[in-house]
Amino acid sequence: MCSSARCLALLWALLASTVALGQAPSARFSLGVAGQPVADAWNPLRLELRDAPPATLTLQIDQGTLRSGELPLTVSHAVRGGAGISVFETTVYLPRFARLAWRLATPDRVLASGSVEGREADARPLDLLLSNLPGSYRAAYATAYGPGARLADVVASDLPSEPAAYDGVRTLLIDGSAAAPRLESVAAAAAGGATVVLLGPLPPSHAELELLLAGGAHARLGAGAVVASGAGPETALTAAAALATPARDTLLAALLEEPLVAPPTPAKQSLVALALAAFALLALLLVRWAGAPGLVGVLALVALVSVVGWRALRPATPQLERDLTLALAGDGLALEVRAREVLTLPRSALSYGGRARPLRPQPYRVDDAGTHLTLERWRAAMLELAPRLADAPLLWDGEALRNVGREPVRDLVRVGAGPLGDLAPGASAPTPTEAGDWPRYAALLPLLPDGTVVGRSACDDACTVWVLYPPAAVDAADGAGEAPPARAATPLLTAPSPFVQTGLSSQGGAPAASLQDAGRAE
Amino acid sequence: MRFLDALAARLARSDMLQALTLLLAVLLVVLAFSWPGGNALVNEAWFSLAPIRHALLALAAAAFGASLAPATAGAGVAWRHEARVTLAALLVWALVTLPFEVIAHAASYPAVSLAWGLLTAPLTVVAYYGLGALLARGARALRAAWALPLLVPGSLVLLAWVDLQLGATLLNPWTAPLDPSPAYLAVMGGGAILTAMGLTLERRPRRAEPA
């Protein structure tokens with residue numbers, strides 16, 4: 001018990017400290033959807049700031065191994081901050097790492113920082129559950145995807161609206177028991193490659209999600225699909241698993257089996273040696289026997305050999321670049337993944353606007369201006385640009401193909417049926433051609449399910465290879481309208497993630513960040 | 001006799017002709033062996049050829065500079081003419097060996113500009129020519145002219161060692177083409193100016209003291 005004065009003083013002190021804490025600048029760092037990042041995939045990065053000054057967010061990722069040694073990846077972005085709450089969001093490629101450290105700092109002090117050890121990196125794809133009772137789906141996921149499924153409980157606000165952020169997401173299950181997500185987030189998830197499972201019947205607040213189904217029980221959208229079912233989670237998830245497609249990385253690797261650029265072929269050793277020997281002999285003869293006119297002749301010969309040699313042997317550009325885009329299309333949308341191979345003859349520091357990552361591990365840097373890496377001479381690097389959405393020219397019109405784009409799609413092949421020919425803009429019947437498969441398809445076609453159509457366009461400068469999966473042929477609508485089954489109230493994935501860290505700054509002077517979980521105070 | 005005729009005659013003299021033949025043969029062998037053959041694609045020929053070309057030009061310039069240094073301070077007009085013609089002949093060497101470097105540079109595509117090699121080669125020749133003359137004069141003053149065949153290559157080795165110790169390219173003709181350095185340009189430019197002054201400024205003979 002305390003006296004009234006003492007109690008009042010205690011209460012005042014508590015209130016004052018609460019207010020003071022509330023006014024202190026703070027930063028909440030989150031990597032991955034709901035703080036669950038997927039290694040070897042593009043992941044959303046979110047930084048929430050409160051009353052923080054403009055600062056720079058820096059991620060230092062060591063992607064090296066014991067064999068390769070340190071391979072640093074540095075990501076740095078300017079963060080505006082300001083009074084009140086401000087949010088910074090981007091998408092970063094997270095490789096398998098040995099150590100990850102992040103830091104939010106002004107030129108004067110560190111506002112917050114944290115680190116994560118490499119053992120926390122998990123390359124398993126995520127299965128997201130937007131449900132009030134997520135634990136009830138564990139058995140269904142185990143049945144459909146095996147016991148290693150990585151389930152994560154999310155709320156609607158956790159879902160990013162950029163398709164690239166769903167690179168590491170396999171499924172998104174929505175049962176209508178939680179707050180409705182934004183339509184664009186769910187569309188981004190599907191287009192980004194996830195299979196969205198709408199487990200019905202859904203309440204009216206979720207009605208707009210049915211727009212994604214275009215009146216059916218299932219639909220492909222971009223690189224992913226949407227499945228609606230009222231037949232219970234096992235049936236719905238089995239249907240979703242049946243729609244699974246090969247991993248995007250696997251398809252891209254198959255397309256890139258052959259290099260995109262070839263180094264210049266050097267002139268023959270014997271030819272160069274003979275030409276220079278002839279030049280040397282002629283020069284010596286002129287010097288020895290022809291006097292002053294011979295000397296003038298030698299100088300003219302020097303100029304001639306130099307100019308001819310330079311023009312004949314000098315490659316036109318110091319860097320050779322070529323792009324190839326893999327586009328996974330569905331229902332008019334396509335997820336485009338552009339690969340760019342660059343071969344540099346002199347040692348060069350290369351910069352590309354936008355987010356990219358080298359397909360083979362090597363040191364590089366990402367900032368607001370783009371992606372930067374240094375290549376030694378006569379070396380090539382294959383870059384993958386962040387996935388993005390685009391209009392798809394190829395559509396299924398019932399069982400027929402239709403080209404709704406402006407360019408012809410060439411060398412169409414239907415897996416299991418053989419070459420189809422070219423498809424002109426607006427046409428729905430391919431024109432057979434004499435040419436066979438494009439050689440680059442050779443490694444790609446065996447990976448695709450029967451009925452998938454592959455074509456290419458705009459190959460004069462940079463090819464786009466279109467992959468159009470067959471219309472979803474699963475009977476996922478059985479039982480639609482039935483009530484969802486009773487769910488077991490099992491808690492699921494509520495453990496704190498080391499990729500969600502909160503840094504609190506002291507109100508001035510020396511930095512004093514305290515971090516939840518694996519965060520480290522500066 | 002016109003300067004061009006004198007230059008042609010100097011180049012045709014056996015000492016220069018033999019040395020030039022040897023230089024061209026070395027460069028030809030280096031280029032042939034460093035040029036990619038078979039299935040190799042990466043061309044690194046310039047990285048072998050350019051240092052050797054610069055180093056041999058510097059060595060030849062220093063050697064000819066040492067061999068032609070005047071025995072006395074008041075050298076005659078004939079010596080001065082001979083020294084100028086010899087230096088011009090060495091600059092012709094730099095030109096005659098240029099196609100080797102141009103061809104290797106074109107195919108290797110190094111980050112270093114070809115202009116750097118075009119600029120430094122003649123400056124190196126002139127500066128090392130002056131260095132050779134200076135060495136010879138000092139050796140004769142010390143009555144050690146017999147040691148010149150050792151002093152000339154030794155001085156090049158010493159200068160390369162100084163560069164290695166300093167960790168910079170100031171004096172070493174071997175590393176100069178690979179590592180563009182304003183300091184090397186300044187040092188060689190200064191040396192070339194001093195050499196040119198030594199070859200052009202007439203020194204007044206001392207008046208005999210009245211008896």
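Here are some exercises with worked solutions on a predicted model of a complex.

**Exercise 1. Confidence**

Task: find which helix of chain B has the lowest confidence and which has the highest.

Solution. Start with the complex, for which the predictor gives an ipTM of 0.91 and a pTM of 0.79. Next, take chain B as a whole: its mean pLDDT is 89, and 91% of its residues reach 70 or more. Now go to the elements. Confidence in chain B is lowest in helix H4 (residues 77-96), at a mean of 91, and highest in helix H5 (residues 98-108), at 96.

**Exercise 2. A six-stranded sheet**

Task: work out the strand order of the open sheet of six strands in chain A, and explain why one side of E9 and of E12 is left without a neighbour.

Solution. Step one is the order, which reads E9-E8-E10-E11-E13-E12 in chain A, with mixed pairing. Step two is to look at the edges: strand E9 (150-153) and strand E12 (218-221) of chain A each have a single partner strand, so one side of each lacks a neighbour in the sheet. Step three is the twist; on average, neighbouring strands of this sheet are turned by 20° against each other, direction ignored.

For one pair in detail, take strand E11 (residues 195-199) and strand E13 (residues 224-229) of chain A, which pair in the parallel sense over five bridges. Here Leu199(A) stands opposite Ser229(A) in E13(A). Finally, add the helix: H3 (residues 183-191) of chain A packs on the sheet and touches strand E10 (169-174), E11, E12 and E13 of chain A. The direction of H3 makes about 120° with that of E13(A).

**Exercise 3. A hairpin**

Task: describe how strands E24 and E25 of chain A pair, and what lies between them.

Solution. Begin with the pairing: E24 (residues 409-414) and E25 (residues 418-423) of chain A run in the antiparallel sense over four bridges. Leu412(A) is opposite Gly421(A) in E25(A). Then follow the chain through the turn. The two strands form a hairpin with three residues between them, and Gly416(A) in the turn has a positive phi of about 90°.

**Exercise 4. Two helices**

Task: give the packing geometry of H2 and H4 of chain A, then sort the residues of their contact by character.

Solution. Helix H2 (residues 138-145) and helix H4 (residues 233-242) of chain A pack at an angle of about 35°, and their axes are 9 Å apart. The crossing of H2(A) past H4(A) is right-handed. Among the residues making the contact are Tyr141(A) and Tyr145(A) of H2(A), with Leu237(A) and Glu234(A) of H4(A). Sorting the residues of the contact of H2(A) with H4(A) gives eight nonpolar, two polar and one charged.

**Exercise 5. Domains and chains**

Task: find which element gives the most to the side of chain A that touches chain B, and which supplies the largest share of the side of domain 1 that touches domain 2 in chain A.

Solution. For the chains, the contact takes 33 residues from chain A and 31 residues from chain B. Helix H6 (269-289) and helix H7 (291-313) of chain A are the elements giving two or more residues to chain A's side, and H7(A) gives the most, with twelve. That side of chain A divides into 25 nonpolar, five polar and three charged residues.

For the domains, chain A is divided into domain 1 (24-243 + 472-522), domain 2 (247-261 + 319-471) and domain 3 (269-313). The contact takes 28 residues from domain 1 of chain A and 24 residues from domain 2 of chain A. On the side of domain 1 that touches domain 2, E4(A) supplies the largest share, seven residues.

Definitions and conventions: Residues are numbered from 1 along each chain as its sequence is written. Chains are lettered from A and ligands numbered from 1 in the order in which they are written. This is a predicted model: local features need pLDDT of at least 70, side-chain atom pairs count only at pLDDT 80 or more; totals for chains, interfaces and linings use all residues. Two strands pair if DSSP finds at least two bridges between them. Axes are lines fitted to C-alpha atoms, for helices over the stretch in contact, and angles run from 0 to 180 degrees between N-to-C directions. Two residues are in contact if their C-beta atoms, placed from the backbone, lie within 7 Å. A crossing is left-handed if the near helix is turned anticlockwise from the far one by less than a right angle, and right-handed if clockwise. Ala, Val, Leu, Ile, Met, Phe, Trp, Tyr, Cys and Pro count as nonpolar, Asp, Glu, Lys and Arg as charged, and the others, Gly among them, as polar. Domain bounds come from an automatic or database domain assignment. pLDDT is the predictor's confidence in each residue, from 0 to 100.
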